[in-house]
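Student: I'm new to this one. Could you walk me through how to read it?
Tutor: Sure, let's take it feature by feature.

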Amino acid sequence: MKRKNTRLMKEYLYRKSLEGKERLLYENKRKIREALQEGKPIPTELRNEEAELRREIDLEDENTAVPRTHIDDEYAKAAERDPKILITTSRNPSAPLVQFAKELKLVFPNAQQMNRGGQVISEIIETCRAHDFTDVVLVHENRGIPDGLFITHLPFGPTAFFELRNVVTRHDIKDKKAMGTMPQVYPHVILDNFTTKLGERTANILKHLFPVPKPETKRIITFANQSDYISFRHHTYEKHGGPKSIVLEEIGPRFEMRLFKIKLGTLDQTEAQDEWVFKPYMNTAKKQKFIGT
């Protein structure tokens with residue numbers, strides 16, 4: 001299994017290394033297409049390659065015209081099977097962190113919770129690869145308060161690092177009858193205001209944690225972005241008097257997330273390249289929004 005994973009990783013890194021060349025080739029073909037469509041002369045820097053490029057353009061269709069990226073490879077098999085998620089914690093977790101991990105297990109369909117014990121991250125990732133897990137979710141704490149959520153996609157990444165704030169678990173809510181029970185049906189996922197390129201990337205990571213639901217499902221998971229703070233809410237709804245009288249019922253947990261890093265690799269790969277990192281000076285750019293408008 002290790003040999004197979006090593007070979008697959010080398011193939012993935014090789015395809016990723018070709019992206020720059022494929023992007024340049026795509027841009028050259030685009031310039032030739034535009035020149036032919038508008039009746040303009042071929043750019044002088046492309047005249048020596050014109051015949052070969054025009055031959056390749058004639059052989060392309062809508063599936064091959066646009067080059068694939070490592071992002072396509074990361075989630076290439078996402079539509080073939082439902083996600084299978086492992087949820088674990090940092091070492092020596094407190095009781096509130098364990099409770100939060102238990103509730104996350106109920107939030108994500110097909111999730112399993114594992115007590116961390118003395119295992120290192122590399123061992124956990126390798127075991128999950130061998131057992132066909134699609135994602136690993138690790139929750140972190142500071143003085144008994146959950147403050148970090150790390151999502152790593154298998155087998156090759158990416159890994160998203162989120163800061164957690166204002167965590168309220170079902171266990172913390174006094175009136176549990178008002179919260180209702182936690183349904184296990186696949187939920188509808190609402191992703192609001194992920195409009196930038198980074199926002200689309202973040203939404204792509206989050207949405208692939210959930211399988212496709214049935215249309216009649218009455219369970220809703222919401223990730224609502226406002227000023228780069230992502231509010232997580234979990235509801236069910238009922239139609240008591242028709243489509244215009246929908247009653248929402250929050251069933252928890254609820255918390256706020258803030259993205260601070262996306263890494264091109266899994267959680268155990270310390271040498272992996274950072275795709276995006278939140279820098280301290282970005283706090284001063286109050287009007288600048290990175291995930292949505």
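Tutor: One thing up front: this is a predicted model. Now, ask away.

Student: How many helices and strands does the protein have?

Tutor: There are 8 helices and 11 strands. Of the 293 residues, 42% count as buried. As for the outside, the protein exposes about 17100 Å², with carbon and sulfur atoms supplying 52% of that area.

Student: Among contacts between residues at least 6 apart in sequence, what share joins residues at least 24 apart?

Tutor: That share is 65%.

Student: Let's turn to charges. How many salt bridges are there in the whole structure?

Tutor: The general idea is that side chains of opposite charge can pair when their charged atoms come close. In this structure, a search finds 11 salt bridges. Try E27 and R30: their closest N and O atoms are 2.7 Å apart.

Student: Where do E27 and R30 sit relative to each other?

Tutor: They're both in helix α2, which covers residues 19–38, and because they are 3 residues apart there, about one helical turn separates them. E27 is partly exposed at 26% relative accessibility, and R30 is partly exposed too, at 29%.

Student: Which residues are linked with each other in a salt-bridge network?

Tutor: E27, R30 and E34 are linked that way.

Student: Can you show me a bridge between strands?

Tutor: Look at E256 and R233, whose side chains meet in a salt bridge at 3.1 Å, N to O. E256 belongs to strand β10 (residues 254–264) and R233 to strand β8 (residues 229–239), so this pair ties together parts that are 23 residues apart in sequence.

Student: Is E256 buried or exposed?

Tutor: E256 counts as buried, at 14% relative accessibility. Its partner R233 is partly exposed, at 24%. The cut-off that matters here is 20%: under that, a residue is called buried. For another salt bridge, see R165 and E163 at 2.9 Å, N to O. There R165 is partly exposed at 33%, and E163 is partly exposed at 25%.

Student: Now a helix. Which residues of α3 are buried?

Tutor: In α3, residues 50–59, you'll find E50, L53 and I57 buried. Look down the axis of α3 and its buried residues fall within an arc of 70 degrees, so they line one face of the helix.

Student: What does the face of α3 turned away from the buried side carry?

Tutor: That face carries the exposed residues A51, D58 and L59.

Student: And how do I read aromatic rings?

Tutor: A pair of aromatic rings is described by the distance of the centres and the angle of the planes. Here the count comes to 10 aromatic pairs. Take W276 and F278: their ring centres are 6.3 Å apart and their planes meet at 55 degrees, so the pair is tilted. W276 is buried, at 18% relative accessibility, and F278 is buried, also with a value of 18%.

Student: Which residues do ring pairs link into a cluster?

Tutor: The cluster is made of F100, F108, F210, F223, F232 and F255.

Student: What sits over the ring of F133?

Tutor: The charged end of K84 does, 4.6 Å from the ring centre. You can look for a similar arrangement at F161: K261 lies over its face, at 4.8 Å from the ring centre.

Definitions and conventions:
Residues are numbered from 1 along each chain as its sequence is written. This is a predicted model: local features need pLDDT of at least 70, side-chain atom pairs count only at pLDDT 80 or more; totals for chains, interfaces and linings use all residues. Side-chain values use heavy atoms; hydrogens and water are left out. A salt bridge is a side-chain nitrogen of Lys or Arg within 4 Å of a carboxyl oxygen of Asp or Glu. Helices (H or I, at least four residues) and strands (E, at least two) are DSSP runs, numbered from the N terminus. Buried means under 20% relative accessible area, exposed over 50%, partly exposed in between (1.4 Å probe, protein chains only). The arc is that of the directions from the helix axis to the C-beta atoms. Contact means heavy atoms within 4.5 Å. Accessible areas come from the Shrake-Rupley method with a 1.4 Å probe; for residues, only the protein chains shown count as cover. Rings of Phe, Tyr and Trp (its six-membered ring) pair if their centres lie within 6.5 Å; planes under 30 degrees apart count as stacked, over 60 as edge-to-face and the rest as tilted. A charge sits over a ring if NZ of Lys or CZ of Arg is within 6 Å of the ring centre and within 35 degrees of the ring normal.
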